[in-house]
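Work through the exercises below with the model open. Each task is followed by a stepwise solution.

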Amino acid sequence: MNWSLFIEELGKSQENLLIAFGVSSLSAIASIILGTILGIIVGLALTYGHVINRILARLYTDIIRGVPLFVLIMAIFYIQAASGFGMTAFQAGTLALAIFCASHVAENLRGALQAIPKGQMEAAQSVGLTFLQCFFSVLLPQALRQMLPAWVNTAIEIVKGTTLLSVIGVAELLLATQRVISRTYLSLEFYLFVGLVFYILNFTIEQIGRAVERRLARHG
Amino acid sequence: MDYHFNFAVIWRNWDVLLKGLGLGLYLALAALFIGAIIGLIAAFWSLSPRAWLRIPARVYVSVIRNTPLLVLIFITYFGLPQWGFRLPRTEAMIFTLAIYAGAYLCEAFRSGLVAIPKGLREAGLAVGMTELQIQSSIIVPVMLRNVLPVLSNNFIGLFKDTALAAAIAVPELTFQARKINTETFRVMESWLVASALYIIACYLIAALLRLVERRLAIPGTRQ
Amino acid sequence: MNILTISGLHKSFGAVEVLRGIDLTLDKGDVVSLIGASGSGKTTLLRCINLLETFEGGTIEITGEAIGYQEKNGRRTRLPDRVIARQRAMTGMVFQQFNLFPHMTAQKNVMLGLIKTKRMAKAEAAELADTWLERVGMLSRKDHYPSQLSGGQQQRVAIARAIAMNPQLMLLDEITSALDPELVQEVLAVVRDLAHDGMTMLIVTHEMKFARDVSSRIVFMHEGLIHEEGEPETLFASPRTTRLQEFLGRT
């Protein structure tokens, strides 16, 4: 392992790597936000929807969760290209990540809502709340709290998933690192480096998630 | 959309695709088996009062779970040879996936172990069993029954993770689908069929594992 | 006008008929205890009155208003969600499992119905909540969360939550069954207090001594019908029907 050379090369490519890190982050954030919103909608359809909506939602989650994320990314990228949609690799990849995120969020939300004891709804109805009022004041706050750990896990999976975008040519951090490696031949050093970057990033997300959980738990 | 479906390409390569699917299952099983051993040891270590066992186990789990699998694969296949540790691609994939699985299984086993009432061990001590006997005859069998659902989920996840082997040219299903895609430009067919094969395989595995769970479940326990 | 008038109430769960024609009237200030074996329909009756369950036949009127359903052109239809919600607020229900909202303090638990259903301003709701929390002896803990309260304390907050809505009728569904024995008395004391102040109450309970102490009337139910009804002293001392004799011999 050639540490001095590694540090030197790291310094030389830091600008490229930083930009690439920005691309990774942007993709992760966009897909997590989009995916969570979509996932909540699908999750509501799964729990409360009419039969047809529930079946469609179930089909969606089962199909997306049965396919590896890697395949999903490539499938969406190549199929949209052949269909003439003309998305960039970044757009197609981020879309795939969002769809993946949504399927997990939907399933987590359904589980969380169904785990709430029936008595909560009954108690809220007994003081005269309508269904919508019950849902927003009593059910949803409890469900979101219950979902938080699983949601943090999904977010971390998405962050890790951005590395898969390298395969369709998105200039995110892993691909940029590979370019540096092809120039410098410092494979181990730079792969360990990019691994470390992701580790620190995800570890931080995990810790923030736990801190938020602790704060919410104090309030029962 | 100006696309004319032509599934002939798929039928011609059907055996290659199925072989790829089989290879993926093989990779997942091998990784599960080795990973389970690693995970079980790590689980016991992580619960140990001895810090020199506990801390490495916790660090292992934290590092592996937060690092992208693709990066881990590249470290093994492209990085480790620098240290003289050279593995052929399939073995490299199994090696990496086993270490990856071990971290997740460690967490599964750990919660399974923690959930076992202390009274079981004390009952074993009361009839004069040694610690090792108690662990092997009582604790681990009960724990395994409890974590079976989690193990099933992990296995299905591992099977999906084998798709990443395509990145180092292991000829499993995703690699073959991509090959057909780039060689014949049959974009829709190759990816739709690959996705369908994964979905069906996962569904069948899940159904099979549910049967196994029910067979092995301790009679009278609620599922 | 009676507070509660039930005529010919029929309710089935699928193929099983659980309420087979119930007639019951409560005047203002009546405290009626419903007793009977498990499965006699007591809890189902309560849950029909506050519309947590549907019912297929008969009518329920609270202060003269028919609740749950309307008769239009000879067809019986369920009233819209918003009307049902308002009708539910005419009764107050206290559950066996307390069902306090875990993510809200005791005070906020009591305030929720006041704000959402009665459209009170926050300050006004808080004041009213505090009044009732004090009444049940829980004012000092108004900022505690349910997980920080004992079972008896939670149930007292639940009573405050129900009664703060100023209902016409209080429905108490085995409210001490889930409590440790030493916590039962504090809850029963609150109920006794409310009864003395003239609250109209329908109580499902297994606590026979309590039922005898606090009720103006006892109703004995068996397999979906009312078998006997009367004043506590006479009913407990000389039960007329064999079923009631068996039941009292058992408890």
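**Exercise 1. Which residues does Ala31(B) touch, leaving aside those up to four places away in sequence?**

Solution. The model is predicted.
- Step 1. Take contact as C-beta atoms, placed from the backbone, within 7 Å.
- Step 2. Skip neighbours up to four places away in sequence; Ala31(B) then touches Ile94(B), Leu97(B), Ala98(B), Ala101(B) and Leu158(B).
- Step 3. Place Ala31(B) in its core. The largest nonpolar core has 117 residues, and Ala31(B) is among those with the most contacts inside it, along with Leu72(A) and Ile73(A).
- Step 4. Find the main contributor. Helix α5 of chain B, residues 89-114, gives the most to this core: 15 residues.
- Step 5. Look for a second core. A separate one of 83 residues includes Ile22(C), Leu26(C), Leu172(C) and Ile218(C).

**Exercise 2. Describe the side of chain A that touches chain B.**

Solution.
- Step 1. Count the residues. Chain A puts 30 into the contact, and chain B puts in 32.
- Step 2. Assign them to helices. In chain A, α2 (51-66), α3 (69-82), α6 (131-161) and α8 (187-217) each supply at least two residues.
- Step 3. Pick out the leading helix. α8(A) gives the most, with 11 residues.
- Step 4. Sort by class. This side of chain A holds 21 nonpolar, seven polar and two charged residues.

**Exercise 3. Now treat the side of chain A that touches chain C.**

Solution.
- Step 1. Count again. Here 19 residues of chain A are in contact with 24 residues of chain C.
- Step 2. Assign to helices. α5 (118-126) and α6 of chain A each supply at least two residues.
- Step 3. Name the leading helix. α6(A) gives the most, with seven residues.
- Step 4. Sort by class. The tally is six nonpolar, 11 polar and two charged residues.

**Exercise 4. Which strands of the four-stranded open sheet in chain C stand at the edges, and why is one side of each left without a neighbour?**

Solution.
- Step 1. Write the order. The sheet runs β2-β1-β4-β5, with antiparallel pairing.
- Step 2. Read off the edges. β2 (16-26) and β5 (65-66) of chain C each have a single partner strand, so one side of each lacks a neighbour in the sheet.
- Step 3. Check an inner pair. β1 (residues 4-13) and β4 (residues 57-62) of chain C pair in the antiparallel sense over five bridges. Thr5(C) stands opposite Glu61(C) in β4(C).
- Step 4. Add the helix. α1 of chain C (residues 42-49) packs on the sheet and touches β1, β2 and β4 of chain C. The direction of α1 makes about 65° with that of β2(C).

Technical notes
Residues are numbered from 1 along each chain as its sequence is written. Chains are lettered from A and ligands numbered from 1 in the order in which they are written. This is a predicted model: local features need pLDDT of at least 70, side-chain atom pairs count only at pLDDT 80 or more; totals for chains, interfaces and linings use all residues. Two residues are in contact if their C-beta atoms, placed from the backbone, lie within 7 Å. Ala, Val, Leu, Ile, Met, Phe, Trp, Tyr, Cys and Pro count as nonpolar, Asp, Glu, Lys and Arg as charged, and the others, Gly among them, as polar. A nonpolar core is a set of buried Ala, Val, Leu, Ile, Met, Phe, Trp, Tyr and Cys residues joined through C-beta atoms within 7 Å. A residue is buried if 20 or more other C-beta atoms lie within 10 Å of its own, exposed if 12 or fewer, and partly exposed in between; C-beta atoms are placed from the backbone. Two strands pair if DSSP finds at least two bridges between them. Axes are lines fitted to C-alpha atoms, for helices over the stretch in contact, and angles run from 0 to 180 degrees between N-to-C directions.
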